[in-house]
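Trainee: Got a minute to go through the aromatic rings in this one with me?
Mentor: Sure, put it up.

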Amino acid sequence: MNLLRNSSFRYIVRYKSTSPKMKIKKMAPVYLCSEETSYSKAAEFLGSGQVIAVPTDTIYGLACSANCPEAIKKLYAIKGRDSAKPVAICVTYINDVRKWGEAEHLNDSLLSGLLPGPVTVVLERTKYLDNPMLNPMTTKIGIRIPKHSFMNQVTKIFDMPVALTSANFSNEPSTLSITEFQHLFGQLGAVFDGGLLSHGLDENRTGSTVIDLSKQGHYKVIRRGISYENIVRILNSHGLKSIID
């Protein structure tokens with residue numbers, strides 16, 4: 001096969017003639033995030049139930065509509081992921097965090113200090129997040145607002161929560177460029193290329209720091225990721241106490 005550029009997306013895959021018995025998966029189109037229409041294209045793919053690859057402020061992610069059961073099933077199948085392992089959602093504003101997660105006990109000053117940024121805030125989900133396929137083994141949900149203009153524009157246009165997990169097969173390293181997960185392209189609706197993320201530093205493959213804030217006055221570190229020390233400093237400055245297992 002060979003790859004050709006055109007104006008509508010970055011690469012077209014053209015296959016040479018093959019035996020009728022051979023089945024070849026159609027590769028996902030790759031769009032540059034710098035293209036003016038990339039945000040609306042991504043929102044269209046999400047709205048049609050597709051799983052797409054997107055850049056964030058940490059690593060590349062696989063994204064789909066969080067309230068679409070078929071899309072979530074597809075997301076888990078692509079990842080080869082156990083459905084017992086939860087995925088987070090991505091939103092645009094602090095008010096969205098409050099809509100999809102129970103955050104009455106958290107003030108705006110705290111949430112604005114953490115978000116947007118490389119942190120996933122874990123809360124009890126609200127009644128509005130009612131997809132039975134989304135994290136069926138827990139009542140909680142991780143919520144992100146990435147500090148990344150592309151994702152902020154996409155979620156603003158889509159105006160619904162976007163399920164988000166790392167763009168790699170389960171147990172593989174997280175990815176910082178689209179070339180690192182090309183083996184997944186045949187299963188995706190589209191890939192949005194934001195270039196090399198996190199300065200290409202391996203230590204940043206940990207992704208976001210995950211903090212459980214579901215218990216009033218306390219926080220629990222689920223995963224140490226990017227900016228861990230700064231995030232803990234913010235939590236402590238607001239008087240929250242650490243829960244250690």
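Trainee: How many aromatic pairs does the structure hold?
Mentor: It holds 7 aromatic pairs, where rings of Phe, Tyr and Trp (its six-membered ring) pair if their centres lie within 6.5 Å; planes under 30 degrees apart count as stacked, over 60 as edge-to-face and the rest as tilted. Tyr 39 and Phe 150 make a tilted one, 5.7 Å centre to centre with 35 degrees between the planes.
Trainee: Which parts does that pair tie together?
Mentor: Tyr 39 is in helix α1 (residues 38-47) and Phe 150 in helix α5 (residues 149-158), so parts 111 residues apart in sequence are tied together. Helices (H or I, at least four residues) and strands (E, at least two) are DSSP runs, numbered from the N terminus.
Trainee: Is this a predicted model, and how are residues numbered, or what else should I keep in mind?
Mentor: It's predicted: local features need pLDDT of at least 70, side-chain atom pairs count only at pLDDT 80 or more, and totals for chains, interfaces and linings use all residues. Residues are numbered from 1 along each chain as its sequence is written, and side-chain values use heavy atoms, with hydrogens and water left out.
Trainee: Phe 150, buried or exposed?
Mentor: Buried, at 2% relative accessible area; the cut-offs are under 20% for buried, over 50% for exposed and partly exposed in between (1.4 Å probe, protein chains only). Phe 150 also forms a tilted pair with Phe 192, 5.5 Å centre to centre and 35 degrees between the planes.
Trainee: Which residues form the aromatic cluster?
Mentor: Tyr 31, Tyr 39, Phe 45, Phe 150 and Phe 192 form one cluster.
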